[in-house]
Amino acid sequence: MIVADDRAGLLKARETLGIGAGAFSGGSALALVPTMGALHEGHRSLIRLARERAAHVAVSIFVNPLQFGPTEDYSRYPRTFDADLEACAAEGVGVVFAPSAEDMYLPDRQVGVSAGEMGSVVEGEFRPGHLDGVLTVVLKLFNLVQPDVAVFGQKDAQQLAMIRRMVADLNLPVSILGGPTVREPDGLALSSRNRYLSRDDRVAALALSRALEAGAGQALDRGDGATRTLGVGAGRRAPAEIRRAALAVLEAEPSLAVDYLVLVDPATFAEVGDDHTGEAILAVAARVGSTRLIDNVTLDIR
Ligand code: AMP
C-alpha cells in the first residue's frame with residue numbers, strides 16, 4: 001500500500017501500481033473512497049464495494065476544514081491515522097491519499113463550488129456552507145486522484161445526492177456509487193462521532209434509528225405482516241402519517257434536541273407533499289449533548 005500526501009505522490013503511486021489513464025479511459029481502473037478518517041466498518045464496507053468495481057482502490061483521509069462551521073468540532077474531530085492505515089491495508093487498498101490542510105488549500109484561495117439552493121435546505125439549513133465545503137473538497141479530490149468511480153455512503157444521503165448533482169451539472173468524468181448504511185446490531189448507524197457519546201448519550205441516540213424504523217413501519221404497514229426493517233419497503237401510508245410516527249419516537253426521548261425530521265425527494269431533497277408516491281428519504285438530525293448525529297432511511301411510498 002502506498003501513502004501519498006500530494007499530487008506528485010499520487011502520480012508516482014499510479015505509475016508504481018500501473019493504474020491506467022484515469023477517468024477518460026472508459027474502464028474502471030481506479031475507485032476512490034473519500035473519508036475523514038477515524039475509519040469504521042461503514043467506511044470499510046465502502047472500500048469493499050469499491051474493490052468490486054475497480055482494479056485499484058484509493059482511500060483519501062482528510063478532515064476538511066471547509067465543511068465545518070465555526071462552532072463545530074473540526075479541532076476535536078477524531079484522528080486515528082495509524083489505525084486507519086491498518087484498516088486500509090487489511091482491506092487491500094492500493095493508495096491512501098492523506099494531504100495536509102495546507103497542501104489542499106492555498107492561503108489566498110478564491111474559488112469554490114456552490115451547492116446552490118439544494119445545498120441550503122435540510123442539512124444546509126442547519127449547517128450553512130457545509131455542502132459547499134463538501135463539494136469543493138470532493139471536486140479537488142476528483143481532480144487530484146482522477147478516479148473512474150467514487151463511492152459514498154447513503155448515511156450522508158444529501159451529500160450523496162449533491163455529489164451526483166455536481167457530477168451531472170459540471171459533467172465530471174466519474175461514476176458515483178452509493179453504499180448502504182452499516183449499523184450496530186441495535187440499529188445505531190456507525191459514525192466516527194459515535195465515540196463522543198457517553199453511555200447515556202448512546203441510549204438516547206438510539207431514538208434516531210428507532211424513529212426511522214417507526215416511519216418505515218408505517219410505510220410498510222400493509223396489514224399483511226410485511227417485515228418491518230430499515231431499508232426499502234413498499235407501502236401505502238401517507239407522508240404525514242410516516243412523519244408523525246417517527247416524530248412520536250423522537251419526542252419520547254427528552255435528551256434529544258431535534259434539528260429536523262423530514263421526508264424528502266431523494267434527488268432534490270425537497271420535502272414531498274402528502275400525495276407523493278415512489279421513493280422518499282426519511283431523514284433526521286438531532287443533537288445528544290454536544291454530539292450531532294444524522295441518519296436516514298429510504299422508503300417506497302405507494
Ligand atoms: P466521513 O469519514 O464521515 O466523511 O465518511 C466517509 C464516507 O463514509 C461517506 O461517504 C459517508 O457517507 C460514509 N459513511 C459514514 N458512515 C457510514 C455508515 N455507517 N455506513 C456506510 N457508509 C458510511
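## Helix H6 against helix H7

Helices H6 and H7 are oblique to each other, where angles under 35 degrees count as roughly parallel, over 145 as roughly antiparallel, 65 to 115 as roughly perpendicular and the rest as oblique. The model is a predicted one, in which local features need pLDDT of at least 70 and side-chain atom pairs count only at pLDDT 80 or more, while totals for chains, interfaces and linings use all residues. Residues are numbered from 1 along each chain as its sequence is written, and side-chain values use heavy atoms, with hydrogens and water left out.

Helix H6 covers residues 130-145 and helix H7 residues 157-169. Helices (H or I, at least four residues) and strands (E, at least two) are DSSP runs numbered from the N terminus. The angle between H6 and H7 is about 55°, and their axes lie 10 Å apart; axes are lines fitted to C-alpha atoms, for helices over the stretch in contact, and angles run from 0 to 180 degrees between N-to-C directions. The crossing of H6 with H7 is right-handed (the near helix is turned clockwise from the far one by less than a right angle; anticlockwise would be left-handed).

On the H6 side, the residues that meet H7 are Leu131, Val134, Leu135, Val138, Leu139 and Phe142. Their partners in H7 are Gln158, Gln159, Met162, Ile163, Met166 and Val167. By class, the contact of H6 with H7 holds 10 nonpolar residues, two polar and no charged (Ala, Val, Leu, Ile, Met, Phe, Trp, Tyr, Cys and Pro count as nonpolar, Asp, Glu, Lys and Arg as charged, and the others, Gly among them, as polar).

## Helix H1 against helix H6

H6 also packs with helix H1, residues 7-17, at an angle of about 45° and with the axes 9 Å apart. H1 and H6 are therefore oblique to each other. Arg7, Leu10 and Arg14 of H1 make this contact with Asn143, Leu144 and Val145 of H6. The contact of H1 with H6 comprises three nonpolar residues, one polar and two charged.

## Lys140 and Asn64

Lys140 is a residue of helix H6. With a relative accessibility of 26%, Lys140 counts as partly exposed; buried means under 20% relative accessible area, exposed over 50% and partly exposed in between (1.4 Å probe, protein chains only). Apart from residues up to four places away in sequence, Lys140 touches Met104 and Tyr105, contact meaning heavy atoms within 4.5 Å. Gly112 is 28 residues away along the chain from Lys140, and their C-alpha atoms are separated by 9.5 Å.

Asn64 belongs to the loop between strand S3 (56-61) and helix H3 (81-90). Its relative accessibility of 1% makes Asn64 buried. The side chain of Asn64 reaches the backbone oxygen of Gly133 at 3.0 Å. When neighbours within four places in sequence are set aside, Asn64 is in contact with Met36, Tyr74, Tyr105, Gly133, Val134 and Val137.

## Positive phi angles in two loops

Val122 is not a glycine, yet its phi is positive, at about 50°. Val122 sits in the loop between helix H4 (101-104) and helix H5 (123-126), and a relative accessible area of 7% places Val122 among buried residues.

Phe269, likewise a residue other than glycine, has a positive phi near 60°. Phe269 is located in the loop between strand S8 (256-264) and strand S9 (278-288). At 3% relative accessibility, Phe269 is buried.

## Residues separated along the chain

Pro180 lies in the loop between strand S6 (175-179) and H8. Its relative accessible area is 64%, so Pro180 is exposed. Leaving out residues up to four places away in sequence, Pro180 touches Ser45 and Gln154. From C-alpha to C-alpha, Pro180 and Phe152 are 9.1 Å apart in space, with their positions 28 residues apart in sequence.

Ala219 is part of helix H8, residues 199-220, and is buried at 1% relative accessibility. Ala219 and Arg243 are 24 residues apart in sequence, and their C-alpha atoms are 10 Å apart in space. Thr298 occupies strand S10, residues 291-301, and counts as buried at 13% relative accessibility. Thr298 and Leu160 are 138 residues apart along the chain, and 13 Å separates their C-alpha atoms.

Definitions and conventions. A polar contact is a pair of N or O atoms within 3.5 Å; within protein, one must be able to donate a hydrogen and the other to accept it, and residues adjacent in sequence count only if both atoms are side-chain atoms.
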